[in-house]
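Colleague: I'm new to reading protein models. Could you walk me through this one, one question at a time?

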Amino acid sequence: MSARATYTPETLLEVAVAVFNERGYDGTSMEHLSQAAGISKSSIYHHVRSKEELLRRAVSHALDGLAAVLDEPGARQGRAIDRLEYVTRRTTAVLMRRLPYVTLLLRVRGNTDTERWALARRREFDQRVAALLRQAAAEGDLRPEVDVRLAARLLFGMINSVAEWYRPPSEEDQDALGVVDEAVVDAVVSTAFAGLRLHR
């Protein structure tokens with residue numbers, strides 16, 4: 001079956017994200033996207049107005065997944081330290097499940113309106129997580145030597161670094177696609193909270 005026969009807006013977005021991650025958003029043209037998708041540029045324009053619209057859809061997919069974590073019961077109920085651990089676990093899982101999209105999000109630099117919009121949403125997410133750290137400190141559940149501002153940066157750095165080295169199962173193993181590697185999630189959580197949580 002030809003690429004054109006199997007083409008959908010969703011698969012176009014997948015292709016665009018792969019090309020953006022490989023070439024960089026600024027280094028990608030509509031011609032590059034057309035060649036990678038195996039369809040004409042006019043077919044792309046039938047579904048999206050511009051390359052930037054593809055970028056917005058892509059980073060929205062990442063941002064929506066991250067933002068949804070903060071609305072889950074585990075992120076809203078209980079002591080702040082437990083909520084923070086829950087958010088860390090789920091954020092790492094979302095990163096792995098939506099790896100190409102989150103990778104692209106982590107690489108935006110604010111050169112376009114969409115990138116500035118994405119950075120603002122990402123800052124909002126980071127600020128809400130940092131607020132949990134501050135609340136955990138206020139509740140006496142962080143080790144006393146922990147610098148909350150530094151801890152927030154280190155925690156985000158650890159989670160985000162997964163995007164740089166984690167490689168999901170090969171595409172040949174269709175049953176494994178989208179599966180989260182719980183061993184990686186457990187390692188992130190245990191490493192981070194061994195140094196953060198005050199054990200009584």
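## Pockets, rings and a helix

Colleague: Let's start with the second largest pocket. Into how many nonpolar, polar and charged residues does its lining divide?

Modeller: Keep in mind that this is a predicted model. The lining includes Ala130, Val148, Ala152 and Phe156, along with Gln127 and charged side chains such as Arg123 and Asp126. Sorted by type, the lining comes out as four nonpolar, one polar and five charged.

Colleague: And which elements give two or more residues to that lining?

Modeller: The second largest pocket has a volume of about 230 Å³. Its lining runs from Arg123 to Arg134, and then from Val148 to Phe156. The elements giving two or more residues are helix H9 (113–138) and helix H10 (148–165).

Colleague: Now the closed spaces. What volume does the largest cavity have?

Modeller: Here's the general idea: rolling a probe the size of a water molecule over the atoms shows where empty space is left. Searching the whole structure turns up one cavity of 30 Å³ or more. The volume of the largest cavity is about 150 Å³.

Colleague: Which helix gives the most to the lining of that cavity?

Modeller: The lining has 14 residues, and Leu66, Thr91, Phe125, Asp126 and Asn160 are the ones nearest the centre. By type, the lining splits into 10 nonpolar, two polar and two charged. At least two residues each come from helix H7 (80–97), helix H8 (99–107), H9 and H10. The top contributor, with four residues, is H9.

Colleague: On to the rings. Is the aromatic pair of Phe20 and Tyr25 stacked or edge-to-face?

Modeller: The structure holds one aromatic pair. The ring centres of Phe20 and Tyr25 are 5.1 Å apart, with 75° between the planes. An angle over 60 degrees is the cut-off that matters here, so this pair counts as edge-to-face.

Colleague: Are Phe20 and Tyr25 buried or exposed?

Modeller: The cut-off for buried is under 20% relative accessible area. Phe20 has 2%, and Tyr25 has 11%. Since both values fall under that cut-off, Phe20 and Tyr25 are buried.

Colleague: Which residue lies over the face of Tyr25?

Modeller: There are charges over ring faces to look at here. Arg56 sits over the face of Trp117, 3.9 Å from the ring centre. For Tyr25, the distance to the ring centre is 4.2 Å, and the residue is Lys51.

Colleague: Let's look at helix H3 (residues 30–37). Why do its buried residues lie on the same side of H3?

Modeller: The buried residues of H3 are Met30, Leu33, Ser34 and Ala37. They share a side because, around the axis, they cover an arc of only 100°.

Colleague: What follows H3, and what is its phi near?

Modeller: The last of the buried residues listed for H3 is Ala37. H3 is followed by Gly38, and its phi is positive, near 75°.

Colleague: Last one: is His46 buried or exposed?

Modeller: His46 is found in helix H4 (residues 41–47). For contrast, Leu106 in helix H8 counts as buried at 14% relative accessibility. The relative accessibility of His46 is 63%, and the cut-off for exposed is over 50%, so His46 is exposed.

Note on methods:
Residues numbered from 1 in each chain as written. Predicted model: local features only at pLDDT ≥ 70, side-chain atom pairs only at ≥ 80, totals over all residues. Heavy atoms only, no water. 1 Å grid on protein atoms, 1.4 Å probe; cavity = no way out; pocket = protein on both sides within 12 Å on 5 of 7 lines; lining within 4 Å. Points joined across faces, edges and corners; volume = space filled by probe spheres on them. Nonpolar A, V, L, I, M, F, W, Y, C, P; charged D, E, K, R; others polar. Phe/Tyr/Trp six-rings, centres within 6.5 Å; stacked < 30°, edge-to-face > 60°. Buried < 20%, exposed > 50% of the residue type's maximum accessible area, 1.4 Å probe, protein only. Lys NZ or Arg CZ within 6 Å of the ring centre and 35° of its normal. Arc of directions from axis to C-beta.
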